[in-house]
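Subject: Structure handover

Hello,

Please find the structure below, for you to keep. My notes on what was found in it follow.

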Amino acid sequence: MNTEITEEEQLALGVLRCCGGSVLELAILAKETLEAGRGRMRRARECVRLGEEQIRLREKTVTFRKTVEAALEEREKKKRRARTVTDFRYYCKRLMARNPGLAERRVRSITSEDCRRYLEAAYGNTLSQYRKARAILSGVFSTAIRHEWCDVNPVSRVEVPDVIEKPIEPLTLEEVERLEEAAQRPEHQDMQLSLHLMLYCGIRPTEVSRIDPERDIDWQHAQVLVRPTTSKTGGGRVVPLRKAGSISVRTIPRRWVHRWRALRRAAGWNKEAAHPWRPDTCRHTFATYHAAHFRNFPALQLEMGHRDASLLRTRYVYAGENNEASALRYFRA
């Protein structure tokens with residue numbers, strides 16, 4: 001075996017010694033790099049370059065907590081609704097509380113399977129909250145992508161659970177009367193207009209709380225303007241103001257959520273109630289009686305602010321006993 005070292009090999013050894021560390025380890029590293037490049041020097045150099053780039057990207061990241069803070073700051077700068085920001089903060093806080101270690105986890109290292117596990121731990125028992133948490137978590141990673149703290153949104157591979165819409169029974173006429181009678185009491189009179197807008201215009205509670213009666217209600221032509229900034233979905237609509245003559249107090253009170261809860265309690269929906277109050281019950285009642293009385297789904301769709309009639313057909317149509325007669329009484333002036 002020829003043990004003589006050529007001048008070129010001596011120069012190579014000198015180069016390796018200048019790198020520091022074991023010459024043998026460096027030679028093995030060079031061999032592995034060439035093998036990764038399939039024996040081609042140009043491809044081996046490309047492997048080194050790409051590997052270096054991946055290391056740089058891996059190091060250019062922040063914790064999940066830091067990303068959430070950045071996402072909240074973005075939403076506040078864009079002047080998103082206070083409720084939107086509050087919900088975003090609440091859902092992220094619960095995700096971190098229910099998943100120890102998530103807050104300090106580097107966002108670039110979080111996988112789709114991790115996201116699925118985090119969502120299950122925090123919101124696995126409630127389908128609607130799971131869907132909303134998934135959307136918010138996706139928003140967190142969208143912020144991370146904009147800041148180049150990660151390259152992909154892992155939430156995009158987390159399946160969206162199907163929602164099985166169930167028909168919702170409307171309030172009975174007796175229950176409607178209980179609410180209206182409670183709104184006639186001096187301590188609840190400031191909620192008369194709010195109740196009317198929910199029962200006879202189908203306007204969502206959160207939308208009602210944002211309406212300015214002087215600016216948004218045309219009393220002369222009996223119309224309510226739900227502006228895009230007022231609407232839950234961001235789309236404006238004009239809704240007929242039916243039975244306007246029955247409204248004696250034309251104000252929307254402050255501390256609206258508290259006042260609405262107090263009115264419901266006064267009407268009998270307290271802790272001892274046989275049937276708990278369900279979200280948007282007044283809106284469901286309006287849609288059900290509207291469909292039974294006017295039999296005009298396109299008009300109802302416009303008044304409700306829906307993109308199509310599919311939700312109306314699955315949730316709001318309740319074929320109860322004497323429904324048409326009840327609907328006639330409901331809308332009678």
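Helix 13 (residues 281-294) and helix 14 (residues 297-304) pack at about 160 degrees, and their axes are 10 Å apart. Here axes are lines fitted to C-alpha atoms, for helices over the stretch in contact, and angles run from 0 to 180 degrees between N-to-C directions. Helices (H or I, at least four residues) and strands (E, at least two) are DSSP runs, numbered from the N terminus. The two helices, 13 and 14, are therefore roughly antiparallel to each other (angles under 35 degrees count as roughly parallel, over 145 as roughly antiparallel, 65 to 115 as roughly perpendicular and the rest as oblique). Their crossing is right-handed (the near helix is turned clockwise from the far one by less than a right angle; anticlockwise would be left-handed). Helix 13 contributes Arg 283, Phe 286, Ala 287, His 290 and Ala 291 to the contact, and helix 14 contributes Phe 297, Leu 300, Glu 303 and Met 304; contact means heavy atoms within 4.5 Å. By type, the residues of this contact are six nonpolar, one polar and two charged (Ala, Val, Leu, Ile, Met, Phe, Trp, Tyr, Cys and Pro count as nonpolar, Asp, Glu, Lys and Arg as charged, and the others, Gly among them, as polar).

The model is predicted: local features need pLDDT of at least 70, side-chain atom pairs count only at pLDDT 80 or more, and totals for chains, interfaces and linings use all residues. Residues are numbered from 1 along each chain as its sequence is written, and side-chain values use heavy atoms, with hydrogens and water left out.

A second helix pair is helix 6 (residues 112-123) with helix 7 (residues 127-146), packed at about 135 degrees with axes 10 Å apart. That angle makes helix 6 oblique to helix 7. Helix 6 passes helix 7 in a right-handed crossing. On the helix 6 side the residues are Cys 115, Arg 116, Leu 119, Glu 120 and Tyr 123; they meet Gln 129, Tyr 130, Ala 133, Arg 134, Leu 137 and Phe 141 in helix 7. Seven nonpolar, one polar and three charged residues make up this contact.

Phe 141 also appears in the surroundings of Val 107, which touches Thr 61, Val 62, Thr 63, Phe 64, Thr 67, Phe 141, Ala 144, Trp 149 and Cys 150, not counting residues up to four places away in sequence. Val 107 sits in the loop between helix 5 and helix 6. With a relative accessibility of 2%, Val 107 counts as buried (under 20% relative accessible area; exposed is over 50% and partly exposed in between, with a 1.4 Å probe and protein chains only). Its C-alpha atom is 9.9 Å from that of Asp 151, 44 residues away in sequence.

Lys 93, in helix 5 (residues 82-98), is exposed, at 60% relative accessible area. Between the C-alpha atoms of Lys 93 and Ala 103, 10 residues apart along the chain, there are 9.1 Å.

The sheet is open, with three strands in the order 1-2-3 and antiparallel pairing (two strands pair if DSSP finds at least two bridges between them). Strand 1 (217-218) and strand 3 (237-240) are at the edges with a single partner strand each, so one side of each has no neighbour in the sheet. Strand 1 pairs with strand 2 (residues 223-226) over two bridges; Gln 223 in strand 2 is the bridge partner of Asp 218. Helix 9 (residues 192-201) lies across strand 1, strand 2 and strand 3, at about 95 degrees to strand 3.

For the whole chain, the count is 16 helices and three strands. Of its 333 residues, 39% are buried.

Regards
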